[in-house]
Amino acid sequence: MLDLYNILPFDDPDGGVWKQGFDITYDHADVQRQEKLEVIVTPHSHTDPGWIMTFEAYYDSQTRDIFENMVTHLESMDRMRFIYAEMSFLERWWAEVDEQKRNALRRLLKSGHLEIVSGAWVMTDEANAHYFAIVSEMIEGHEWIRNHIGNYTPTNHWSIDPFGLSPTVAFLVSKANISNALVQRVHYSVKKYLAERKKLEFKWRQLWSGDRSSHDLFTQVMPFYSYDVPHTCGPDPKICCQFDFFRLSGIGCPWNVPPVEVTEENVATRAEMLYDQYRKKAQLFERNVLFVPLGDDFRYVSALEWKIQHDNYVKLFDYMNAKKEWNVHVQFGTLADYFKLDHQRIEEAKSYEEGRVPVLSGDFFTYADRNDHYWSGYYTSRPFYKRMDRVLQHYLRSAEILFSLASNKGWLSATSAELYGLLVEARRHMSLFQHHDGVTGTAKEVVMSDYGQKMLTALNNCERVIYAASRTLLAEQIEQNATEATPSFVMSEVFVEQGQLPIRVTMNDASEFIMFNSLAQERREIVCIEVKSLMSGVQRVSKLDVPVPQQIGPVVERRGDDNVLFENGKYELCFMAVVPPFGLERYRLTSSFDAPKVVIRSRKTISSADFAIEKIEERYFELENEFLEAKFDSETGLLQSVTPNDGREVRVNLSYVEYGVRGKNPGKFKGGDDLSGAYLFLPDGPARPLVASHGGYLYVVIEGPVMKKVFVIGPESAKLEHTATIFSGSAFIQLQNDVDVRETHNFEVAMRLTSSVKSGDELFTDLNGYQVIQK
């Protein structure tokens, strides 16, 4: 894909009826000499587990009826087929129906009338979702299938709506014993390039696999604009829309040519129109096997739609199949039916060109569906909930490990079922948010709030599991000292309401706190907690005679755009924590000795009765540890360069920029144009520097033996707070930005690094926390 991105012009010429493509023709006489065209028409319904409405509202108003009609009509319509993906909805329906309907669904799966595709909890986003969450939501769906449906395993992947596609997901899917994939949202220029060369089907290979094919995923990219009926039967949406018979109910078509019911009088002309679209679409593929989806968002809700689609298509199928000169066989089928036929043709032609499947590596970001409408806005939409998702994953992983450790010792037998139920609910709430309108931040506000409430419930569930498991695992240590009472646990951060940042707990003297390491190796890291007394220190309970490196400093608070305060009665105690692999370690606050105090520096006059204050007079100031030296601008407090101990200085020149949004109907394009929003990033021009109104940023520097940091107050317009931190023992600088954009409108802020690294046009970016890819 990297080679392809380098040669594509990414222009947008008018392709005719296929606006983003090209004119497609075929030799009518040659049709009869070719291998028969096999067409699989696949009814489907894309059911978002939250978007315009909440998960529950969608289920109650539409999805329940889809399942009810699915079971009824697939049993009564022998030629009809259907595929379905989201197990989150299916689980909800399964829980409320009787065994008769459950057995009916099992029969439909066994007979092949119904196929579960992907089988994951949701159709995951592929840009923002972390690989741990993707694996979890896949396992949750597949485990549910195994536990309730029985001997059934999904073998085909269906990803038609995520806004760009990641090879990480392709790899994880292949490890779940899924062999084939059908995907949709790929940049229209890429689709056109692949279609011109009949390479819309390929083996998707990992960049790090080399020549090995063991991780390949056989993949087809849908060629046209969307997965709805107007854009799936062939290149002309004006014609294809006429074969979405549900629109007979009054919906109509945007091209002002509505569908008409198929009768004996018109079947010949209608069948020829549809056959022509099938033939033209088939020219984009190497083999004469064609997949045609028949569905859209929340379709097949009513009995009418099942009947009207089935009855009209059966008439068209029968007519086309009887036309020997058309050399075509059309039928309803599942995704499995299609791939079975396709692989048969590949095997038959393996000695010829049409039997050779090309190999493609790379990703499909950033997606654009038209013009310059790049879907990169959702990378940062609703950042609060994106962060909450990551925090929940951390809590969930810790809770699962602690539960497993305690259960293996047999210490949770009395409460094991209850605690496991809490874990399952937490997993499912986390998994639901991986939906491509959840973690993306593209759902309506009320839906995002509902996701937030579910994640808050999941966090509380994880806390209960962590409390119970930790208490039992620490019991041995507690019993060694009979005077100690069983500990009462409180998390260091308290989540009170969804939509609000957690509240940090301020600890009293003599409080004991417990560290848990969820990794498989010992960790030595700096941990900071809030305490009430300046005369506080910390000890490691298991090694009271070993000093703990530590420091105590102020809790810094912003006051407006030009003032920094140190909170009264609160201090930040930072220390080097050492925790064994998969282990718990107890630490204790003490007033028997004081942690060393930090030194505070600033270019402005700041007063403190607790800490020494030094004024910065130089043009630059430096902070360092045993691995690196960082240089900061004394006017702004922002990072300027980094010098590793064994290397040369690397300029960084950190700054902030802002973007506005492009208005509607810009001169470059005709017709309407969207503003930037949850999905798109359409700025009104190049980035503009974001500067403070008073000529510089206010900042304070806090220096101690285990941690050094710069706290910067940015412009009021962005309510920006920036912190650069250097920890003892760590060969990196941690940069954190806190931005409150709730009162802004059509405003985007970005952190810019202007470095001296001579990288040219090469860019490396993360994919799902699993791998790094060159762009």
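# Notebook: loops, a helix, pockets and cavities

**Entry 1, N768.** I began with N768, which sits in the loop between β33 and β34 (771-774). The model I am reading is predicted. N768 is not a glycine, yet its phi is positive, about 65 degrees. I then asked whether N768 is buried or exposed. Its relative accessibility is 2%, so it counts as buried; the cut-off for buried is under 20%.

**Entry 2, N653.** I looked up another residue with positive phi. N653, again a residue other than glycine, has phi near 50 degrees. I found N653 in the loop between β25 (650-651) and β26 (654-659). N653 counts as partly exposed because its relative accessibility is 26%, and the partly exposed class runs between 20% and 50%.

**Entry 3, a cis bond.** Next I checked the peptide bond from F365 to T366. That bond is cis, and its omega is near 5 degrees. T366 belongs to the loop between β10 (359-361) and α12. I noted T366 for the next entry, since T366 is among the residues nearest the centre of the second largest pocket.

**Entry 4, the second largest pocket.** I looked up the space in this pocket and found about 650 Å³. Its lining consists of 18 residues; A127, T366, Y379, T765 and D766 are the ones nearest the centre. Which elements give two or more residues to this lining? They are α12 (383-408) and β33 (764-767). I also wrote down the classes: the lining has seven nonpolar, five polar and six charged residues. Two elements met earlier return here: α12 follows the loop that holds T366, and β33 precedes the loop that holds N768.

**Entry 5, cavities.** I turned to the closed spaces. How many cavities of 30 Å³ or more are there? The count is seven. The largest cavity has a volume of about 100 Å³. I listed its lining as 15 residues, with S118, A120, T124, E137 and H157 closest to the centre. At least two lining residues come from each of α5 (131-149), β4 (156-159) and α6 (167-175). By class, this lining holds eight nonpolar, five polar and two charged residues.

The second largest cavity holds about 80 Å³ of space. I counted 13 lining residues there, and Q20, Y188, K191, F224 and Y225 lie nearest the centre. Eight of the lining residues are nonpolar, two are polar and three are charged.

**Entry 6, helix α9.** I compared the span of α9 with what its length predicts. The helix covers residues 267-282, which is 16 residues, and at 1.5 Å a residue it should span 22 Å. The C-alpha atoms at its ends are 22 Å apart, so the two values agree. I then listed its buried residues: V267, R270, A271, L274, Y275, D276, Q277, Y278, R279, K281 and A282. What covers these buried residues? The cover includes β1 (37-46), α8 (237-240), β8 (289-297), α10 (303-322) and β9 (328-332).

**Entry 7, V330.** I followed the cover of α9 into β9, the strand in which V330 is found. V330 has a relative accessible area of 1%, so it is buried. Neighbours within four places in sequence aside, V330 is in contact with V39, V41, Y278, F317, M320 and N321. One of these, Y278, is a buried residue of α9. I also looked up V289, which is 41 residues away from V330 along the chain; their C-alpha atoms are separated by 10 Å.

**Entry 8, F711.** I made the matching check on F711, which is in strand β29 (residues 707-713). Its relative accessibility is 9%, so F711 counts as buried. Apart from neighbours within four places in sequence, the contacts of F711 are V556, L698, Y699, V700, E721, H722 and T723. F711 and Q736 are 25 residues apart along the chain, and I found 9.7 Å between their C-alpha atoms.

**Entry 9, domains.** Last, I looked up how the protein is divided. The parts are domain 1 (36-374), domain 2 (380-481 + 488-499), domain 3 (506-597) and domain 4 (598-774). I looked at domain 2 and domain 3 as a pair. Their C-alpha centres lie 24 Å apart. At their boundary, 10 residues of domain 2 are in contact with six residues of domain 3.

Definitions and conventions
Residues are numbered from 1 along each chain as its sequence is written. This is a predicted model: local features need pLDDT of at least 70, side-chain atom pairs count only at pLDDT 80 or more; totals for chains, interfaces and linings use all residues. Side-chain values use heavy atoms; hydrogens and water are left out. On a 1 Å grid over the protein atoms alone, a cavity is a set of points where a 1.4 Å probe fits but cannot get out, and a pocket is an open set with protein on both sides within 12 Å along at least five of seven lines; lining residues have an atom within 4 Å of a point. Grid points are joined across faces, edges and corners, and a volume is the space filled by probe spheres set on the points. Helices (H or I, at least four residues) and strands (E, at least two) are DSSP runs, numbered from the N terminus. Ala, Val, Leu, Ile, Met, Phe, Trp, Tyr, Cys and Pro count as nonpolar, Asp, Glu, Lys and Arg as charged, and the others, Gly among them, as polar. The expected span of a helix is 1.5 Å times one less than its number of residues. Buried means under 20% relative accessible area, exposed over 50%, partly exposed in between (1.4 Å probe, protein chains only). Contact means heavy atoms within 4.5 Å. Domain bounds come from an automatic or database domain assignment.
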